[in-house]
Amino acid sequence: MKAIKDIPDSQLLLFKSCMVGQEYPGVETSTCYVFDRLGVDYCINDEQSCCTGIGHYTDIFEGLTTAAIAARNFAVARRCGYPNITCLCSTCYAINKEACETLNTNTEVREKINSIFREKGFDNLVYEKDDMNPRTNFYHAVEILLSKVDKIQEQKKFDFSGVKTASHHACHYYKVKYLDVLGNPENPQLIDNIAAACGADPVRWYEDRTLTCGMGFSQLHLNKSTSLQVTKTKLDSLQRAGVELMLHMCPNCQIQYDRYQPVIEKEFGVKYDMVHMNIAQFVALSMGADPYKVCGFQTHSVPLEGFLEKTGII
């Protein structure tokens, strides 16, 4: 298990997520806003490419291609001097850790990838065994935020006292690599502890708390009715618990709840009284960030204006 004291705050490559950039760009700008104010040493490198996670989990990309692209991204991180890859997306987090383990332990795969690099003249991308460590070179941005909760509390400009929040800890964080989770993988509290530092009142346990978001990547398209029923089950639990704000750590989960909450309301004839944010957006908001220029709330499907008015933000 990870320990708070082991979470770095320097030489972090903020790994760009295609789903964040496409669906919720405010997650990235909010993370940068917070990192800047917390004194976190990070960089964004435009040479970095997609992790292939969605393609991998929907069986479009096979393992060799995913590992090769990961090796290339790892080389980018090492060359720029920011080898601690820090992900905004839990799928990026899991894929990169898995690819690193493969490159370190599977000689056949590593040599195959390196032979292709050399053949094409990309010797600078060659990956040697243990160039990266799957446990000490890969982090989720939420882990960085949690390691800075004291500073977050000190620098908050808006107190969310009394706001009833609930968290959704992405399965690609606490289920895929459960031995590397910060805290208890059976009852993760990362998001809740960060929210509490912002003055919120987190509901730390509710019925169906550990239930997946329901997306399942291809399942949303191949078995949409089942996928949405899973999402509805959790939304129903949150509604019964009186949750006002659901906080996320993964754009895929946020898509499933924010984009499809209106769809579920229409298809099932229900109405929910909650809105959705990534935890970085929530922290940025508490530190005085503009709801639209920084947090990007205009990209959300469930309108946030009512929540922002109720809490006095606007």
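## A strand covered on both faces

In this predicted model, strand β7, which spans residues 245–248, is covered on both of its faces. On one side lie L245 and L247, on the other lie M246 and H248, and all four of these residues are buried.

## The neighbours of β7

Strand β7 is joined to strand β5, made of residues 164–168, by 4 bridges, and these two strands run parallel. Within this pairing, H168 stands opposite H248 of β7, the latter being one of the buried residues described above.

Strand β7 is also joined to strand β8, which covers residues 275–278, again through 4 bridges and again with the two strands running parallel. Here the bridge partner of L247 is M277 in β8, and L247 lies on the face of β7 that also carries L245.

## Cysteines without disulfides

A disulfide is a covalent bond that links the sulfur atoms of two cysteines. The structure holds 0 disulfides. C80 takes part in none, and the nearest cysteine sulfur to it, which belongs to C43, is 4.0 Å away; because a disulfide is counted here when two cysteine sulfur atoms lie within 2.5 Å, this distance does not qualify. As for its surroundings, C80 is partly exposed, with a relative accessible area of 26%.

C100 is likewise in no disulfide, and its nearest cysteine sulfur, that of C87, is 12 Å away. Is C100 buried or exposed? With a relative accessible area of 0%, C100 is buried.

Terms used. Residues numbered from 1 in each chain as written. Predicted model: local features only at pLDDT ≥ 70, side-chain atom pairs only at ≥ 80, totals over all residues. Heavy atoms only, no water. Buried < 20%, exposed > 50% of the residue type's maximum accessible area, 1.4 Å probe, protein only. Pairing = 2+ DSSP bridges.
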